[in-house]
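Please explain how some local features of this protein model fit into its fold. Backbone geometry comes first, then two places where helices pack.

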Amino acid sequence: MPLQFLQKLITYPTITPQECGIYELILNKLNSLSQNKDFEVLKIEQEKESVKNLFFLIAPKDIDKSKLQHFCFAGHIDVVPTGEGWDFEPFCGAQDEKYIYGRGAQDMKGGVSAFIYAITETLESQDFKQTFLDSACMVSILLTSDEEGDGTYGTKYMLEELKKRDLLPHSCIVAEPTSINKTGDMIKIGRRGSINGILKIEGKQGHVAYPEKCVNPIELLGAKLGALAGIALDNGDCHFSPSKLVITDIRSGMEVVNVTPQNLKIMFNVRNSPLSNEDSIRTYIKEVFKETPYELSLKTNSLPFITDSQSALIGLLCESIKHIADISPTLSTSGGTSDARFFAQYGIDVVELGVPNDRIHAVNERVLISDILLLCDIFKYFLQLFIQSAKTENLHQH
């Protein structure tokens, strides 16, 4: 059962980028596949700057991998710090009749436990083992200990290695907690990008009694603030909400009442659709502050992406959710960034599906047992459909 496995995963205090030996537990669970003489198994472990990554591939034996459809389940085993005020020990993994408790229960050890069990139970099943061997596909797992951190040496780094080995997947599900009320009610088919900005308005410091001798940057901002704070930079489209400029910090002056400030600094973030980028932001701010001296620096942290809603991946996943959970999922691009963006950069069809996210990064994180079991069943049915479709395609080719 994935429940006991999830409980064990939670007991490992894998705060980014610590791995704490959790990959050994995962590899032990996958050991039955490694020992199966009909399978070819490839394991890649990486470690750089304290970040540890694991890639585990299962393919039919003695078949050219370049001719196989490659599907990957991806996720992260690292969690955010616990903070204070918990009603239970954050890494307890306790269970009652409704919930499993602990940091990572939703984000995202719940998803990891579900897809590991989905893979092992499907490929150990005599019926689907033979279908898999007759198909033209292979299945893999990619895990990192640095999704909640900078991500520099995590999934991004591992995908670079897979590209060198010609092992990039064709499609991928990242088991992030995407659902709202019940597992399967929302999948993420893309994400907005993220651009950080710092705007400095230059003035001339002076005495408040002689304002005519000063250039007060707060006054320069003045009426222009309404054209900056919370402004929509585009209209969005059918998949993306409008890109909005959100101010996160404004500071100026020396905390005294008789000196005007020399300058003013504004920090902001734009979660952008494909309709906005650094160039369009620069153009907009130049127009707003055309008669005001300023400096602007921008940094793109992630690019927006979207997977075609008509893709085979999304079709199979929606069919699986409908069959298992009797839900027609909402296809969304909302929320923050995730490691799915790194897959998209390689042209890989990628979506995200996981348990509800009502307590991610919060005190007293927990997950409904029913949501974990539902996710595992959805992943199992999806794998069965994927393997069957690959077998059908293989038969047509021959």
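In which loop is Asn364 found? Asn364 is found in the loop between strand S17 (349-352) and strand S18 (366-368). The model is a predicted one, and the values below are computed from it.

The backbone at Asn364 deserves a look. Most residues other than glycine have a negative phi, and most peptide bonds are trans. Asn364 has a positive phi, near 65°, and is a residue other than glycine. Its relative accessibility is 12%, so Asn364 counts as buried, the limit being under 20%. Asp62 also has a positive phi, about 60°, although it is not a glycine. Asp62 sits in the loop between strand S2 (51-60) and strand S3 (69-76). With a relative accessibility of 71%, Asp62 counts as exposed, because the limit for that class is over 50%.

Peptide bonds are the next topic. The bond from Thr16 to Pro17 is cis, and its omega is near 0°. Pro17 belongs to the loop between helix H1 (2-10) and helix H2 (22-29). Another cis peptide bond joins Asp107 and Met108, with omega about -15°. Met108 lies in the loop between strand S4 (99-101) and helix H4.

Helix H4 leads on to a helix pair. Two packed helices are described by the angle between their axes and the distance between the axes. For H4 (residues 109-124) and H5 (residues 126-134), the axes come within 5 Å and cross at roughly 90°. H4 and H5 are therefore roughly perpendicular to each other. On the H4 side, the contact is made by Thr122, Leu123 and Glu124, and on the H5 side by Gln126, Phe128, Lys129 and Phe132. By type, the residues of this contact divide into 3 nonpolar, 2 polar and 2 charged.

Helix H8 (residues 278-288) shows how a helix can be divided into sides. Its buried residues are Glu278, Ile281, Ile285 and Val288. These residues cover an arc of only 90° around the axis, so they lie on the same side of H8. Which strands are included in what covers them? Strand S9 (193-202), strand S13 (263-272) and strand S14 (294-302) are included in the cover over the buried residues of H8. The face of H8 turned away from its buried side carries the exposed residues Asp279, Thr283 and Lys286. Asp279 appears again at the start of H8, where its backbone nitrogen is within 3.1 Å of a side-chain oxygen of Asn277.

How values were computed:
Residues are numbered from 1 along each chain as its sequence is written. This is a predicted model: local features need pLDDT of at least 70, side-chain atom pairs count only at pLDDT 80 or more; totals for chains, interfaces and linings use all residues. Side-chain values use heavy atoms; hydrogens and water are left out. Axes are lines fitted to C-alpha atoms, for helices over the stretch in contact, and angles run from 0 to 180 degrees between N-to-C directions. Helices (H or I, at least four residues) and strands (E, at least two) are DSSP runs, numbered from the N terminus. Angles under 35 degrees count as roughly parallel, over 145 as roughly antiparallel, 65 to 115 as roughly perpendicular and the rest as oblique. Contact means heavy atoms within 4.5 Å. Ala, Val, Leu, Ile, Met, Phe, Trp, Tyr, Cys and Pro count as nonpolar, Asp, Glu, Lys and Arg as charged, and the others, Gly among them, as polar. Buried means under 20% relative accessible area, exposed over 50%, partly exposed in between (1.4 Å probe, protein chains only). The arc is that of the directions from the helix axis to the C-beta atoms. A polar contact is a pair of N or O atoms within 3.5 Å; within protein, one must be able to donate a hydrogen and the other to accept it, and residues adjacent in sequence count only if both atoms are side-chain atoms.
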